[in-house]
Number of protein chains: 2
Amino acid sequence: MRYIAFIVAYDGTDFCGSQRQSNGPSVQGELERALSVVLKHPAPVVLAGRTDSGVHATGQCGRFETENQIPAERVPLALNQVLDRAVRVLSAREVDGSFHPRFSAQSRRYRYLIDNAPIANPLLRQMAGHVRDALDVAAMQEATGAFIGQHDFAAWQSAGSPTSSTVRTVKKLEVRCRDDILGSSLVEVEIEADAFLYQMVRNIVGALLEVGQGKLKSENIQRLMAGRDRTKCPPPAPPQGLCLVEVKY
Amino acid sequence: MRYIAFIVAYDGTDFCGSQRQSNGPSVQGELERALSVVLKHPAPVVLAGRTDSGVHATGQCGRFETENQIPAERVPLALNQVLDRAVRVLSAREVDGSFHPRFSAQSRRYRYLIDNAPIANPLLRQMAGHVRDALDVAAMQEATGAFIGQHDFAAWQSAGSPTSSTVRTVKKLEVRCRDDILGSSLVEVEIEADAFLYQMVRNIVGALLEVGQGKLKSENIQRLMAGRDRTKCPPPAPPQGLCLVEVKY
């Protein structure tokens, strides 16, 4: 049996999420459809990170198994000829059977884009959250400190995906203004952690947005963290601003 | 009668173009639908520049007439509550009846975005043209000189929209690499002219792309210009990379 790992980018707008589900097309389902055409056999796909409906990826990692002798370097082109244009396989290589996209990952890196303008740019509506009032980016930057390092992130986990431990290590959390590239003023949040709880990135960004809007004081974040109570925390930022950028092994 | 001029941004992906047409929804039609709801009477819209299906705008200018006493500064919010999210009115002000979005315009500025990577970024597929091979941006920059200034641009006009004169003045034409903001290497072409012939921007960008790919020599552009024969010129760049950024008065 051969094991092929690949990097995949997708526009999550029209998918019900990365994982196969009964309520609509998924990224996994689309990849498996294309693989069955290319490989001439069904090939279940394992992905590194679960992304919700509307969430994008430029560096998601996946793996499948096959007896087909297609060279790994031909896999991207072969799949891209079959895949919907919302999904593109960027690279592929053969790995040994011990490699698992999810369990072998050392860290995940996400980016969250905010269209920070009085009126939302329609060109960004499917890839950025929108905040009308000018964000206090310096306050948001100051607030990042409370999240960095090893913490119990129970307060930043949405219900629906219980895990044995809610302790995670945030290795990087940065907020910056980005160059106007599509006629908008953009604020970007970049976050890297060993792993993320369910909707943890969107919940953290939701808190940073309230700090940036003056609704939440930076010093209250530690209290929210210690309280471990999601219902006391700001709502999650909307999904369309989120993008899985990289999975590190 | 009151005359209200407004600036409008739109994602042209799902429109058949800016002008009302029988074959699908148009930006003009969507604006007129929203205006009839807000003003309680039909109000024809005049737009500064015609954009094709798939072409976007961040600074299109429009105008309508009304007897309704709605303050001009309320128009954006009122329309945006009714409009499809692919269209946003950014600002509005009262003008006198002599102002015409198209005939009063002194110049138009467009931007063309190119996703220049071996595999297209799915997040950019509706707002950038894609060129697989690395573009020679320096050669493209050198080639811009042939287009700048007053010329007979007949060679760069697509059939279907005859005009009395094909002489236009290109005031600015710049090619630059842009910061990676969505995980891609972007090349941007910015062009400003007093007015443009039908598909002139896409035809000029199409020629620049062939220069960047080594298929057309920069020094041959003047010959193509003098030949006034569209059929001898490179094909137009695809519509989705194009965006009307500003109309100057």
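1. Let's start with the strand pairing in chain A of this predicted model. Strand 1 and strand 3 (residues 56-66) of chain A lie antiparallel, and eight bridges hold the pair together in the DSSP sense. If you want one spot to check by eye, take Ile4(A), whose bridge partner in strand 3 of chain A is Phe64(A).

2. Strand 1 of chain A has another partner to look at. It also runs antiparallel to strand 4 (residues 87-95) of chain A, again with eight bridges. Here the residue to click on is Tyr3(A), which is bridged to Val95(A) in strand 4 of chain A.

3. How many residues of strand 1 of chain A are buried? Seven of the nine in residues 2-10 are, so the rest of the structure largely encloses this strand. A residue counts as buried once 20 or more other C-beta atoms lie within 10 Å of its own.

4. Stepping back to the whole of chain A: the secondary structure comes to five helices and ten strands. The C-alpha atoms fit a box of roughly 55 × 40 × 30 Å along the principal axes. The radius of gyration is 19 Å, which agrees with the value near 18 Å for a compact globule of 249 residues.

5. On packing, 45% of the 249 residues in chain A are buried. Of the chain A contacts with a separation of 6 or more, 72% link residues 24 or more positions apart.

6. Now the core. The largest nonpolar core has 138 residues, and Leu208(A) and Leu208(B) have the most contacts inside it. Leaving out residues up to four places away in sequence, Leu208(B) touches Met140(B), Ala143(B), Val175(B) and Val189(B).

7. What does each chain put into the contact between A and B? Chain A gives 24 residues and chain B gives 24 residues. On the chain B side, strand 1 (2-10), strand 3 (56-66), helix 2 (75-80) and strand 4 (87-95) each supply at least two residues. Strand 4 of chain B has the largest share of that side, at three residues. By class, the chain B side that touches chain A breaks down into 13 nonpolar, five polar and six charged residues.

8. Arg85(B) deserves a look of its own. You'll find Arg85(B) in the loop between helix 2 and strand 4 of chain B. Is Arg85(B) buried or exposed? Arg85(B) is exposed, because 12 other C-beta atoms lie within 10 Å and the cut-off for exposed is 12 or fewer. Even so, Arg85(B) touches Pro122(A) and Arg125(A) across the chains, not counting residues up to four places away in sequence. Within its own chain, Arg85(B) is 82 residues along from Val167(B), and their C-alpha atoms are separated by 37 Å.

9. Thr231(B) is another loop residue, placed between helix 5 (221-227) and strand 10 (242-248) of chain B. Thr231(B) counts as exposed, with 7 other C-beta atoms within 10 Å. From Thr231(B) to Leu31(B) is 200 residues in sequence and 36 Å in space, C-alpha to C-alpha.

10. Last, the confidence scores. Chain A has a mean pLDDT of 95, and 98% of its residues reach 70 or more. For the model, ipTM is 0.91 and pTM is 0.94.

Notes: Residues numbered from 1 in each chain as written. Chains lettered and ligands numbered in written order. Predicted model: local features only at pLDDT ≥ 70, side-chain atom pairs only at ≥ 80, totals over all residues. Helix = DSSP H or I, 4+ residues; strand = E, 2+ residues; numbered from the N terminus. Rg over C-alpha atoms; globule rule 2.2 N^0.38 Å. Contact = placed C-beta atoms within 7 Å. Nonpolar A, V, L, I, M, F, W, Y, C, P; charged D, E, K, R; others polar. Pairing = 2+ DSSP bridges. pLDDT = per-residue confidence, 0-100. Core = buried A, V, L, I, M, F, W, Y, C linked by C-beta atoms within 7 Å.
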